[in-house]
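This briefing introduces the open and enclosed spaces of one protein model, together with a patch on its surface. Please look over the sequence and the structure before reading on.

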Amino acid sequence: MIDENFPFSLESVREFGAMATGIGEAVAHFGLAAANFTQLYCEPGVESMDAIDAEVGSKADVEGPLLSAHRLAKFYVISAGDALLSCCELIRKDHPMHIGSAALARTAAEHASKAMFLADPEIGWKARVLRAHELFKSSHQEYKSSNEEGATKLIEEWRKWHLRTRPLLTGVTRQPSAGNNRGLIERYFDQALAYEELSRPTHGNATWLTLAVIQEQKGTNYTWCATLRNFCFAMDVCIAASDRLCALWGLDREAVLTRLGEQYSLPVSTWKQLNEACDWVRVGVKHLSANVTVDFSEDPQPPR
């Protein structure tokens, strides 16, 4: 599949994309299967999460802060996979969806990075509930203009909880801010596309858009390569976040994959095989990126 002709044939690129999206879908479904594998969440080093919540929770504000933190990590893994699945759908279209794939890849990265932040198995339960508070606190800025009753009530409950529990949570190292999406992505994903690279199409950067559309109209593989780079990044962040959730809850990845096969009638693969398949996608995308076709000739100009 990856040979000397691969980067120069649009048909070969599309064939690779179709095969890659099958692997991306498996990654997204693995995250979903892990997130829904058990309702009995496990906090490392804690015998009873209920006992912790009885100590630091209250019906007056947040009744189950530790349980809520685990649920939030689960929600982030599911939503990152949602973005990846949507990206897979775009790649199956007749032409590359470079705008949509960039927006979805950035969304996947933002959700996955917050899952990484919250589901770190090494930080301890006190830091975890404080990180959950930090995420709800940072969400307030985006709700100031809408004043949605349910949202503002949830944010206010966490604010009251934090004020009430400060004496109970003394001695915990100050947690990193969750309000900087770019900072969180770069903290957890060293292999990340530059944040600006994902922002250019998302923000309608005039230079990027002009070059991308002209290349698409000239029939080069430039935009297909950009789309597949975005997809590969979304795949990478999703499998990392899913793996972290497994580590937090002590889940057997092989058991999760067996459940995945049962739920979606898919051939059962091993954790090693899934990672090898992801490596195959990465190698192909890297090969494409190194051999992308760009046509800088001025004539003839495309009609649009």
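Is Leu 211 buried, partly exposed or exposed? Leu 211 is partly exposed, with a relative accessible area of 41%, where buried means under 20%, exposed over 50% and partly exposed in between (1.4 Å probe, protein chains only). The model is a predicted one, in which local features need pLDDT of at least 70 and side-chain atom pairs count only at pLDDT 80 or more, while totals for chains, interfaces and linings use all residues. Residues are numbered from 1 along each chain as its sequence is written, and side-chain values use heavy atoms, with hydrogens and water left out.

**Surface patch**

- Leu 211, which lies in helix H9 (residues 206-217), forms a nonpolar patch on the surface with Val 292, Val 294 and Phe 296, and together they have about 360 Å² of accessible area.
- Such a patch takes residues with over 30% relative accessible area and no salt bridge, joining nonpolar side chains (Val, Leu, Ile, Met, Phe, Trp, Tyr) within 5 Å and like charges within 9 Å.
- A salt bridge here is a side-chain nitrogen of Lys or Arg within 4 Å of a carboxyl oxygen of Asp or Glu, and accessible areas come from the Shrake-Rupley method with a 1.4 Å probe.

**Pockets**

- The largest pocket holds about 460 Å³ of space, and of the 18 residues that line this pocket, the closest to its centre are Tyr 76, Lys 114, Leu 135, Ser 139 and Glu 142.
- A pocket is an open set of points on a 1 Å grid over the protein atoms alone, with protein on both sides within 12 Å along at least five of seven lines, and lining residues have an atom within 4 Å of a point.
- Helices H3 (65-91), H4 (98-118), H5 (125-139) and H6 (149-165) each supply at least two residues of the lining of the largest pocket, and H5 gives the most, with four residues.
- The second largest pocket has about 400 Å³ of space, and of its 14 lining residues the closest to the centre are Leu 130, His 133, His 162, Arg 174 and Gln 175.
- H5 also gives the most to the lining of the second largest pocket, with four residues.

**Cavity**

- A search of the whole structure finds one cavity of 30 Å³ or more, a cavity being a set of grid points where a 1.4 Å probe fits but cannot get out.
- The lining of the largest cavity includes Val 27, Gly 31, Val 77 and Cys 238, and helix H1 (10-35), H3 and helix H10 (222-249) are the elements that give two or more residues to this lining.

Terms used: Grid points are joined across faces, edges and corners, and a volume is the space filled by probe spheres set on the points.
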